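Work through these exercises with the sequence and the 3D view side by side. Try each task before reading its solution.

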Amino acid sequence: TEFDSLRSFVRRGSMKQLWPIYWGQQGELGDLKGKIIWNGQVGRQEIVCYRFVLSKTIKEETVFVFSMGTDLMLMCLSYRIPVPDFENSVVGAKLPCIYYEDGTW
């Protein structure tokens, strides 16, 4: 299927060539914490550790965007080479490309 290469990469790390990864940071650690919800004397607070989205761009490119804490990453699954368009594709974050040519990793 369309995402077999991605599944193989995620599960086994077994691809000849990685997709370019665009990496940056967004927000502060404090932004990850939700409001404390009290139930009597017991408080509960949600903290966002990981979030992701798989989507299509206006140009029909498939992108996988995910964050761990304040680190934000984007992978364009439509291209195996860097495309400068993605460096400024997330509002409020600059995402320079991390790219490993085939065989260099």
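The exercises below go from the overall fold to single residues.

This is a predicted model, in which local features need pLDDT of at least 70, side-chain atom pairs count only at pLDDT 80 or more, and totals for chains, interfaces and linings use all residues. Residues are numbered from 1 along each chain as its sequence is written, and side-chain values use heavy atoms, with hydrogens and water left out.

**Exercise 1. The elements**

Task: Find how many helices and strands the chain has, and read off their pattern along the sequence.

Solution.
- Step 1. Apply the rule: helices (H or I, at least four residues) and strands (E, at least two) are DSSP runs, numbered from the N terminus.
- Step 2. Count them: one helix and seven strands.
- Step 3. Read along the sequence: the pattern is α-β-β-β-β-β-β-β.

**Exercise 2. The sheet**

Task: Work out the strand order of the open sheet and name its edge strands.

Solution.
- Step 1. Define pairing: two strands pair if DSSP finds at least two bridges between them.
- Step 2. Trace the order. Five strands make the open sheet, as β4-β5-β6-β1-β7, and the pairing is antiparallel.
- Step 3. Look for strands that pair on one side only. These edge strands are β4 (50–56) and β7 (97–98).
- Step 4. Check one pairing. Strand β1 (residues 21–25) runs antiparallel to β7, and two bridges join them. I21 has I98 in β7 as its bridge partner.

**Exercise 3. Burial and cores**

Task: Find what share of the chain is buried, then locate its nonpolar cores.

Solution.
- Step 1. Set the classes: buried means under 20% relative accessible area, exposed over 50%, and partly exposed in between (1.4 Å probe, protein chains only).
- Step 2. Apply them to the 105 residues of the chain: 28% count as buried.
- Step 3. Define a core: a set of buried Ala, Val, Leu, Ile, Met, Phe, Trp, Tyr and Cys residues joined through side-chain atoms within 4.5 Å.
- Step 4. Find the largest nonpolar core. It has 11 residues, among them Y22, V63, L72, F86 and L95.
- Step 5. See which elements give two or more residues to this core: β5 (62–68) and β6 (71–76). β6 gives the most, with three residues.
- Step 6. Look for a second, separate core. It has seven residues, including L6, W19, F64 and M75.
- Step 7. Put this in context. In soluble globular proteins, nonpolar side chains tend to be buried together.

**Exercise 4. A buried loop residue**

Task: Decide whether T70 is buried or exposed, and find what T70 touches.

Solution.
- Step 1. Place T70: the loop between β5 and β6.
- Step 2. Check its relative accessible area. The value is 14%, so T70 is buried.
- Step 3. Define contact: heavy atoms within 4.5 Å.
- Step 4. Leave aside neighbours within four places in sequence. T70 is in contact with G24, Q25, Q26, G27, E28, L29 and L32.
- Step 5. Turn to G69, also placed in the loop between β5 and β6. With neighbours within four places left aside, G69 is in contact with L32 and C49.
- Step 6. Compare sequence and space. G69 and Q26 are 43 residues apart in sequence and 8.9 Å apart in space, C-alpha to C-alpha.

**Exercise 5. Salt bridges**

Task: Count the salt bridges and find the pair that links distant parts of the chain.

Solution.
- Step 1. Apply the rule: a side-chain nitrogen of Lys or Arg lies within 4 Å of a carboxyl oxygen of Asp or Glu.
- Step 2. Count: three salt bridges.
- Step 3. Take R44 and E46. Their closest N and O atoms are 3.4 Å apart. R44 is partly exposed at 48% relative accessible area, and E46 is exposed at 55%.
- Step 4. Take D85 and K59, with 3.3 Å from N to O. This pair links distant parts of the chain: D85 is in the loop between β6 and β7, K59 is in the loop between β4 and β5, and they are 26 residues apart. D85 is partly exposed at 48%, whereas K59 is exposed at 59%.
- Step 5. Take K94 and E87. Their closest N and O atoms are 3.7 Å apart. E87 is partly exposed, at 23% relative accessibility.
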